[in-house]
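This briefing describes selected features of the structure shown here, grouped by topic. Please read it alongside the sequence and the coordinates.

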Amino acid sequence: AAGQARVYRGRTLDVLDRLPGGYDLVFADPPYEMREWDSLMDRLNRPGLINSGGIVVAEHRHAMAMAERYDGFEGVTTRKYGDTGISVYAEAASG
């Protein structure tokens with residue numbers, strides 16, 4: 001619905017600590033030089049930040065080896081467009 005989105009700017013890992021939560025979609029587009037994906041995905045996994053069934057879309061350098069699974073998230077698909085990689089993660093199945 002219109003008016004349901006908000007953009008936060010700042011250092012990626014710092015911004016995550018001040019987000020109120022309740023998101024269905026998170027688009028993470030940190031600088032390509034960032035190598036702290038484990039920390040980023042761990043912080044996205046905090047209770048209440050992303051709603052059940054929510055999706056994380058991560059933009060990264062295509063040469064960056066993203067994990068198939070991060071604690072709480074599993075990869076759905078990865079696409080490459082030139083130097084850009086797009087990886088989509090959803091809530092990991094229990095068990």
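Sorted by class, the residues lining the largest pocket comprise 15 nonpolar, five polar and three charged ones. The structure is a predicted model, and the points below take up that pocket, then the pairing and burial of strand β5, and finally an aromatic pair in which a residue of β5 takes part.

**The largest pocket**

- The volume of the largest pocket is about 730 Å³, and of the 23 residues that line this pocket, R6, V7, Y8, V26 and F27 are the closest to its centre.
- Three elements, namely α1 (12-16), β1 (23-28) and α2 (37-44), each give two or more residues to the lining of the largest pocket.
- Strand β1 gives the most to that lining, with five residues.

**Strand β5 and its partners**

- Strand β5, which spans residues 84-91, is mostly covered, since six of its eight residues are buried.
- Strand β2 (residues 50-61) pairs with β5 in the antiparallel sense over seven bridges, and within this pairing A58 stands opposite S87 in β5.
- Strand β4 (residues 73-81) also runs antiparallel to β5, to which it is joined by eight bridges, and here R79 stands opposite I86 in β5.
- The strands β4 and β5 form a hairpin with two residues between them, and in its turn G82 has a positive phi of about 60 degrees.

**The aromatic pair**

- A search of the whole structure finds one aromatic pair, formed by Y70 and Y89, whose ring centres are 5.4 Å apart and whose planes make an angle of 65 degrees.
- The arrangement of Y70 and Y89 counts as edge-to-face, because the cut-off for that class is an angle over 60 degrees between the planes.
- This pair links distant parts of the chain, with Y70 in strand β3 (residues 69-70) and Y89 in strand β5, 19 residues apart.
- Y70 counts as buried because its relative accessibility is 8%, where the cut-off for buried is under 20%.
- Y89 is likewise buried, with a relative accessible area of 1%, and Y89 belongs to strand β5, in which six of eight residues are buried.

Methods:
Residues numbered from 1 in each chain as written. Predicted model: local features only at pLDDT ≥ 70, side-chain atom pairs only at ≥ 80, totals over all residues. Heavy atoms only, no water. Phe/Tyr/Trp six-rings, centres within 6.5 Å; stacked < 30°, edge-to-face > 60°. Helix = DSSP H or I, 4+ residues; strand = E, 2+ residues; numbered from the N terminus. Buried < 20%, exposed > 50% of the residue type's maximum accessible area, 1.4 Å probe, protein only. 1 Å grid on protein atoms, 1.4 Å probe; cavity = no way out; pocket = protein on both sides within 12 Å on 5 of 7 lines; lining within 4 Å. Points joined across faces, edges and corners; volume = space filled by probe spheres on them. Nonpolar A, V, L, I, M, F, W, Y, C, P; charged D, E, K, R; others polar. Pairing = 2+ DSSP bridges.
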